[in-house]
Amino acid sequence: MKLPIIAYGDPVLKRKGIAIEKDYPDLQALIANMFETMYAAHGVGLAAPQIGLSIRLFVIDASPFADDEPTLNDFKKVFINAEMLDEHGEKWQFNEGCLSIPEIREDVSRYPDIRIHYFDENWTEHEESFTGLAARIVQHEYDHIEGKLFTEKLSPLRKAMIKSKLDAISRGQVDVEYKMKFPALKKKR
Ligand SMILES: [Zn+2]
């Protein structure tokens, strides 16, 4: 089942997600729905706050990037209760987008190497290192469960330049091919 994606401006995107227990209701169905929603929107990652849930869960399928980075060919993963252990190296820029912020893409600076602790969909525990593009996608989704968006990492000038576009997204004034929930429209009802 495809779920509506929460648009920029909704407070749920700024809330830190809480850890979940093994008996979280219908977790496998939720994970399947998140993948379905992500694929339908042509995204490579989706975090629970983006479908309105303040929990520490995100899914990634980075295979669309396999042409540029062959190691991402089978990078399909579920991250439950992730905790970032370390980020290091020399920061690098990459043009990022976000399903909650359609039509905006900006260069974002991030560390190239990370180490993260998480559980997968079978509750198997992992402590793994990622680098480059894989690390970046994990960092972007991890930020979501920490209540952070990539737009907060931009320079004050870039922030000022995209502010009216961000406000327009909150009001639903954006052309988007997947289903979204817009905070400004919600309040009016
Ligand atoms: Zn995002």
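This briefing covers a five-stranded open sheet and two helices that contact it. The structure is a predicted model: local features need pLDDT of at least 70, side-chain atom pairs count only at pLDDT 80 or more, and totals for chains, interfaces and linings use all residues. Residues are numbered from 1 along each chain as its sequence is written, and side-chain values use heavy atoms, leaving out hydrogens and water. Helices (H or I, at least four residues) and strands (E, at least two) are DSSP runs numbered from the N terminus.

**Sheet**
- The strand order is E2-E3-E4-E7-E8, with antiparallel pairing; two strands pair if DSSP finds at least two bridges between them.
- Strands E2 (45–47) and E8 (125–131) are the edges, each pairing on one side only.
- From one strand to the next, the twist averages 40° (axes are lines fitted to C-alpha atoms, for helices over the stretch in contact, and angles run from 0 to 180 degrees between N-to-C directions).
- Strand E7 (residues 113–119) is joined to E8 by seven bridges, and Tyr118 stands opposite His126 in E8.

**Helix H1**
- Helix H1 (residues 27–40) packs on the sheet and touches E2, E3 (57–61) and E4 (76–88), where contact means heavy atoms within 4.5 Å.
- The direction of H1 makes about 45° with that of E3.

**Helix H2**
- H2 (residues 132–145) has 14 residues and spans 20 Å from first C-alpha to last, close to the expected 20 Å (1.5 Å times one less than its number of residues).
- H2 lies across E2, E3, E4, E7 and E8, at about 155° to E3.
- Because 14 of its 14 residues are buried, H2 is largely enclosed by the rest of the structure (buried means under 20% relative accessible area, exposed over 50%, partly exposed in between, with a 1.4 Å probe and protein chains only).
- Gly147, just after H2, takes a positive phi of about 80°.
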